[in-house]
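Me: Please take a close look at how the parts of this model meet, and go through the contact surfaces slowly. I would like the cut-offs behind each term as you use it.

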Amino acid sequence: MKKRRFQLNEKQLGYAFVLPSLLLVFVVILWPVAQSFWNSMFDYRLNDPTRSEKMMDANIDLETYVDNYFFIESQLDALADTAVGDQDKQTIHEIEDGIEKHHSELISDKQVKEKVDKVDKLLMRYKPVNNTDLKYQKVDNDFAADYRKALSSYEQDLVAIAESSGDKDAQADFQQTADLLGSTNEAILKSNFIGFDNYKKYFKDKRMWQSLGNTTFFTVISVFFELVLGLLVALLINRTFKGRGLIRASVLIPWAVPTAVAAMMWGFLYDGQSGIVAHYLDVLKIIPGSSWLLSTGDGGLFSIILADVWKTTPYMALLILAGLQTIPGSLYEASDVDGANKFQQFFNITLPLLKSSILVALLFRTLDAFRVFDLIYVLTGGGPANSTESISVYAYKTMFAQQNFGEGSTLSVIVFLCVALISFIYVKLIGSELFAGRTK
Amino acid sequence: MNKRAGIGFYVFLIIFVFLVMFPFIWVFLTSIKPVGEIFSSFNWFTKNPTLDSYVAAFTQRPLLRYMLNSFVVSIVTTLLSVAFASFAAYALTRLPIKGKGLILGIVLASSMFPQVAILSPMFNIVTDLGLRNSYLGLVIPYITISLPLSIWILATFFQKIPYELEESAKLDGASPFQTFRKIIFPLAAPGVFTTGILVFIAAWNEYLFALTINSNDSWRTVPVGISMYTSEFSIPWGDISAATVIVTIPIVILVLIFQRRIVSGLTSGSVKE
């Protein structure tokens, strides 16, 4: 007989089944969103070496610092010999002492000393310091400020000596050491934690408000047309007829085509020279000129909305049609008997019973429309002159064209907050119906 | 309802289908025109049809490579997320665990998160793992879209399976896991398959992550690849329309075969029955 194998009871099995998905959701969704919030509180730029890491405290870039320190000592010694006046010699000694004092304070911490030695060894072998833990050393904010201040005053002293010196070679030597002190100064990094400064900046940023306005305008107008047209189409095709399959397929294809591909197609149709839609609309005098569509802000918004309505009305119609088909026909028969006309039937039976399907469809569509990216990015690129930019496009450009992750994250958090607000309003409207039937 | 369809109705249908399909029709007609004609006339039909644009679409850019990339990434994403999601959805609908409402709420909320809010940390994670310009580098971010979607749709499908079958299995002495594997999973297979199709389409169409993470041309997916056909000096509409036709054909086939399933999957999340 086989031994009875270890078995999970229903509850344990349930948790074991849910856990992997929950963990994934936390790791790939919730954690990154929290990170975005965190990033938005920093002056965090990938293309600026002094701000390419998020730092709560001041840090020293040991790679640069140790390398510079090695040269500073020997150069200052050499300068002490070339200096002519006693006063200049005196100044140079003071500088030497000052730097030595700060440096010994820095390496008085055993751990720091170890790291400095390690970095030194790597540098001696001309190897880059790739390990960020080794490269950056957290230091006291006051110490960093003090050291920076000292270094910049030493730099000025040396520049002053260089300027007063008559000898050209000596002048170059002094200037070189002054520059070295300047670069050492820059290796001592200030904390780039700035709290809510990015938010304050965007609160006053015209381009942000414009992109938010564009996004809202796009969302409201296109979702409105999609709802009205979708309802109309659903009501018309909610009957038995030949060729339903054809209709369903033709309705699904625009939905299934990648938005970026659809945007390229419409870009061709709207093209000022060879675009057929631009040409026909121009001939029919609906638009001021065939180049209006893609070369003006208003035309751009119109083009974007038209393309979106084309792509998503079918989806809306399908959702509403599914809702329509759950309404029992007996209701209409009964109202026919009572002598109600078609309009009364529509407003008293169809609409009230469709309410929840329509609200759910609206929720999904509104959120989708609000985070619009592909369509605008491919069709107009946000142009001309940022006039059709959506907030997602603005956030993307800030993060990846300007490499500014701090400000870009701020914009993406703004998108996130708007989306949260919209869903909150809808969920209030829909109530718990969304979950009904799914949990018991 | 059984309203009869008259001539007027069919005229309306034809106009509707024509309007919806017009961009495809026009792009197809353009793709077989000689390049000179595209820029010089608005004639619908060309007298000299040619496949030059198709040849150019394949040779100017690695279109086949884009399609392969999209296919691999979408398939892996679909398999992974549907596997994880079917366990989770089963537990959420059928097993006596606590906090179901909360978990479903988290799932629904995360499916509504704007992708741009995940973009920069995800970019850092993928870069740190050394996965930029690889398939896995896209599969990880795609899970953020596909997992909540799959759980949400699958939960509806599992809900529809009658309880009686489960109970009789229990009475026959099946363990909970056996019930899941032998009774529920086969019954839910059509729903799982439908979810798979929807997730596949969602992954195939994704643009933002693909644009930022796989920036090397030989790792680009179809949507990004197509959007890069424009060059700085001229827009090769012939190549673009041919490429569009080529990448649309698989979607049309998929839709034609699975239209019923797609519709049931799309509507199951939003309509109560």
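Reply: Chain A and chain B bury about 9,500 Å² between them, with 77% of that area on carbon and sulfur atoms; buried area here is the accessible area, taken with a 1.4 Å probe, that two parts lose on being put together, summed over both. The model is a predicted one, in which local features need pLDDT of at least 70 and side-chain atom pairs count only at pLDDT 80 or more, while totals for chains, interfaces and linings use all residues. Residues are numbered from 1 along each chain as its sequence is written, chains are lettered from A and ligands numbered from 1 in the order in which they are written, and side-chain values use heavy atoms, with hydrogens and water left out.

On the chain A side, 101 residues are in contact with 107 residues of chain B, contact meaning heavy atoms within 4.5 Å. Across this interface the rule finds 0 salt bridges, a salt bridge being a side-chain nitrogen of Lys or Arg within 4 Å of a carboxyl oxygen of Asp or Glu. There are, however, 10 residue pairs in polar contact between the two chains, both residues at pLDDT 80 or more; a polar contact is a pair of N or O atoms within 3.5 Å, where within protein one must be able to donate a hydrogen and the other to accept it, and residues adjacent in sequence count only if both atoms are side-chain atoms. Helix 1 of chain A gives the most to the side that touches chain B, with 20 residues (helices are DSSP runs of H or I, at least four residues, numbered from the N terminus). That side of chain A divides into 65 nonpolar, 25 polar and 11 charged residues, where Ala, Val, Leu, Ile, Met, Phe, Trp, Tyr, Cys and Pro count as nonpolar, Asp, Glu, Lys and Arg as charged, and the others, Gly among them, as polar.

Within chain B there is a further interface, between domain 1 (1-61 + 229-249) and domain 2 (63-221), with bounds that come from an automatic or database domain assignment. These two domains of chain B bury about 540 Å² between them, 70% of it on carbon and sulfur atoms. In domain 1, Phe58(B), Arg61(B) and Val247(B) lose the most area to domain 2, together 73% of what that side buries. Across this domain interface the rule finds 1 salt bridge, and the side chains of Arg61(B) and Asp217(B) meet in a salt bridge at 3.7 Å, N to O.

Methods: Helices (H or I, at least four residues) and strands (E, at least two) are DSSP runs, numbered from the N terminus.
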